[in-house]
Structures are given as structure tokens and as C-alpha cells.
Amino acid sequence: MNAIPFIVMAGLGVFVFYALHASQRYRADAIRALATRSGMHYLGNALPKSLGLDGTPFHHVSKAWNVIDGEPRGTRVMAFDCQVGVGKRSWRRTVIALESDGDVIGHLRVQPDMAIDRLGRWQILYRPKQAFSFRIAGLTPIEELEANLNAVVADSAKISR
């Protein structure tokens, strides 16, 4: 029996595992840097209990990671990556949540494929689940996440004045 195909397949498996791990680590480092630049805190996998997600598509979050939380310009803002559900039917998204009495996110010009839900004092900005998407893993790219966070924080500062 020839061992070369087995060695090649094992090597390919190790490479894919390493590439996935490296990309997750790169994203975590980039979000940690974003939190620092924005005056927020990187919480890792700890989603604060004050953010209740009942009544949103995220009420069955099975995993949350890259959680950032803070009050830049006096408005509490959270962003996180999450997985909803388990198994083949699960889906992943990046979510931005803003705690405010006003309709801050509703005043923003966000991408047309974004949805906004209101849950008590929280406004939730995300891309809804789609049957097919070209986005890898459904997570928002770091540059777009930073632009959305900056827009939310800037608009909330205008409204709160």
C-alpha cells in the first residue's frame, strides 16, 4: 500500500486546520485593536447579561465571541460575532447593539441588506439570515464593522445633545 496519498491528505488537513485557526486569531486581534481604538473593552466570549436578545433572531445564540463593549461618547455600544443554532442549520453573524432611548440606528444610512430590531432600550443592527450569501461565514469584515461602529457612535452623540 502506498502511504503518499495518506500523507498528502493528512498534511492538507493540518494546513486547513492551521489556516482556520490563524484566520480566527487574526480576526480576534483585529477586533481587539478596534476596541482599543474606539475606547471600548474587549470581553472575548463574555456576552453581558444586560443585553437580552429575546424577541430577536439571536435569542438562540449558541456561541458568542469577539465581544466588545463600551460607552464611547456616552452611549453604550456592544458588538460581537455569534453563532445561532447548532449543526448544519446554524448560521453566523456580526451584531452591533446600542443602548439608547432614541432611535439612533434608525437615523443611519446603513447598507440595504442590514436589519434593525428594537428590544426595550436596545437597538440591534445585523444582516438577516439569507438562503445564500457570498460572505464568508456571514461575519462582517473588520473595516465595515469599524465604519458601522463609528457611524453609530457619531450619530448617537448628535442625538443625545
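Two strands are said to pair if DSSP finds at least two bridges between them. In this predicted model, one such pair is formed by β1 and strand β2 (residues 61–70), which run in the antiparallel sense and are joined over 3 bridges. Within this pair, G44 stands opposite V67 in β2.

The pair belongs to a wider arrangement, since the chain has 2 helices and 6 strands, and its elements, read from the N terminus on, follow the pattern α-β-β-β-β-β-β-α. An open sheet of 6 strands is present, with antiparallel pairing and the order β1-β2-β3-β4-β6-β5. At the edges of this sheet lie β1 (41–44) and β5, each of which pairs on one side only. From one strand to the next, the twist averages 20°. As a general point, the side chains of a regular strand alternate between the two faces of the sheet.

At the edge formed by β5, strand β5 (residues 115–119) pairs with strand β6 (residues 122–126) in the antiparallel sense, and this pairing extends over 5 bridges. Here D117 has I124 in β6 as its bridge partner. The hairpin of β5 and β6 has 2 residues between the strands, and in this hairpin G120 takes a positive phi near 65°.

Outside the sheet, helix α1 spans residues 4–38 and includes F15. The relative accessibility of F15 is 53%, and F15 therefore counts as exposed, the cut-off for that class being over 50% relative accessible area. F15 is also part of a nonpolar patch on the surface, which it forms with M9, L12, V16 and L20, and the accessible area of these residues together is about 520 Å².

For the chain as a whole, the accessible surface comes to about 9,800 Å², and carbon and sulfur atoms account for 60% of this surface. Of the 161 residues in the chain, 40% are buried, a class that requires under 20% relative accessible area. When contacts in the chain between residues at least 6 apart in sequence are considered, 53% of these contacts join residues that are at least 24 apart.

Notes:
Residues numbered from 1 in each chain as written. Predicted model: local features only at pLDDT ≥ 70, side-chain atom pairs only at ≥ 80, totals over all residues. Heavy atoms only, no water. Patch = residues over 30% accessible without salt bridge, like charges linked within 9 Å, V, L, I, M, F, W, Y side chains within 5 Å. Areas by Shrake-Rupley, 256 points an atom, 1.4 Å probe, with all protein chains shown as cover. Salt bridge = Lys/Arg side-chain N within 4 Å of Asp/Glu carboxyl O. Helix = DSSP H or I, 4+ residues; strand = E, 2+ residues; numbered from the N terminus. Buried < 20%, exposed > 50% of the residue type's maximum accessible area, 1.4 Å probe, protein only. Contact = heavy atoms within 4.5 Å. Axes fitted to C-alpha atoms, helices over the stretch in contact; angles between N-to-C directions.
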